[in-house]
Amino acid sequence: MRLEDFDNDEDKIIQDKLKQKTWNEIRSNDSWAIFKIMAEFVSGYENMARIGPCVSIFGSARKKPEDKYYILAEKIAHKISKSGYGVITGGGPGIMEAGNKGAHLGGGISVGLNIDLPFEQHFNPYIDHDKNLNFDYFFVRKVMFVKYSQGFVVMPGGFGTLDEMFEAMTLIQTKKIGKFPIILVGTEFWSGLIEWIKTVMVEREKTVNAVDLDYFKIVDTEDEVVDVLNKFYKKYDLSPNF
């Protein structure tokens, strides 16, 4: 079928991806993509390298300001910033907005790593004007999250949040990054997933070692989040942005 024969955008995107391309088209498109990817890495490195110790906050873009997890994320970010840490979010609405808002109101560093999406994503107004970065590529953005974060706070979210959480766990498990704290917020939200990991992945299928469960902690309050971070930083030679 021709591209114009499809009546919805999703089918058109799939058909376009499956369209047979000539070798010259493939070589040309891929070569130019390399330069776009390099440009995003260079821009990200130059902007993020001057920012001190930060904590990334992950979570749903769909949470509204009246939602309990939005309110909690704002409190967490505010307390984190008051403790001297910068806050990095995905730069969009929902939990990301709450994280940047809490950091902004707390007088701390507020970073947004925004991604260009056809829906949902738009940068929020609480990001520091010189720390609002935009990305076309998810994998470049994820590198910035991991490379410049000394801790990860994971609020309730969807597939993107789970992707970011398991990315951090995998890199710690494989020793590609240090064993920085991963803090899951919301026992009610996370307990089902963690129970499945324990009973299926660890005990039954043995695809994960029991010791890997030590990579994260589950908490419910902003005080617990900061307590986990402070205990970690007291052990190592790393100071917040005071």
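Reader: So contact means heavy atoms within 4.5 Å, but what share of the contacts between residues at least 6 apart in sequence join residues at least 24 apart?

Author: That's 70% in this protein. Keep in mind that this is a predicted model, where local features need pLDDT of at least 70, side-chain atom pairs count only at pLDDT 80 or more, and totals for chains, interfaces and linings use all residues. Residues are numbered from 1 along each chain as its sequence is written, and side-chain values use heavy atoms, without hydrogens or water.

Reader: Cool. How many helices and strands are there?

Author: Eight helices and seven strands. They're DSSP runs numbered from the N terminus (helices are H or I, at least four residues; strands are E, at least two).

Reader: And how much of the protein is buried?

Author: Buried residues make up 44% of the 242 residues. Buried means under 20% relative accessible area, exposed is over 50%, and partly exposed is in between, using a 1.4 Å probe and protein chains only.

Reader: Which helix should I look at for buried stuff?

Author: Try helix 4, residues 95–105. Eight of its eleven residues are buried, so helix 4 is largely enclosed by the rest of the structure. The buried ones are Ile95, Met96, Glu97, Ala98, Gly99, Asn100, Gly102 and Ala103.

Reader: What do the buried residues of helix 4 pack against?

Author: Quite a list! There are three strands and two helices to find: strand 1 (54–58), strand 2 (86–89) and strand 3 (110–115), along with helix 3 (68–82) and helix 5 (138–147).

Reader: Hang on, Asn100 was in there. Why does Asn100 count as buried?

Author: Because the relative accessible area of Asn100 is 0%. This residue of helix 4 has plenty of company too. Leaving aside neighbours within four places in sequence, Asn100 touches Val87, Thr89 and Gly91, then Ser110, Val111 and Gly112, and also Asn124, Tyr126 and Ile127.

Reader: What comes after helix 4?

Author: Gly107 follows helix 4, and its phi is positive, near 75°.

Reader: Which residues other than glycine have positive phi?

Author: Lys175 is one of them, with phi near 60°, and Lys206 is another, with phi near 55°.

Reader: Where do Lys175 and Lys206 sit?

Author: Both are in loops. For Lys175, look between helix 6 (159–173) and strand 6 (182–185). For Lys206, look between helix 7 (187–204) and strand 7.

Reader: Is Lys175 buried or exposed? And Lys206?

Author: Lys175 counts as exposed because its relative accessibility is 70%. Lys206 is exposed as well, at 63%.

Reader: New topic: how about Met38, buried, exposed or partly exposed?

Author: Met38 is in helix 2 (residues 23–48). It counts as partly exposed because its relative accessible area is 47%.

Reader: Last one, pockets. Which residues lie nearest the centre of the second largest pocket?

Author: Pro181, Asp214, Lys217, Val228 and Phe232, out of 14 that line it. On a 1 Å grid, a pocket is an open set of points with protein on both sides within 12 Å along at least five of seven lines, and lining residues have an atom within 4 Å of a point.

Reader: Which element gives the most to that lining?

Author: Helix 8, with five residues. Strand 7 (216–219) and helix 8 (222–235) each supply at least two residues of the lining.

How values were computed
Contact = heavy atoms within 4.5 Å. 1 Å grid on protein atoms, 1.4 Å probe; cavity = no way out; pocket = protein on both sides within 12 Å on 5 of 7 lines; lining within 4 Å.
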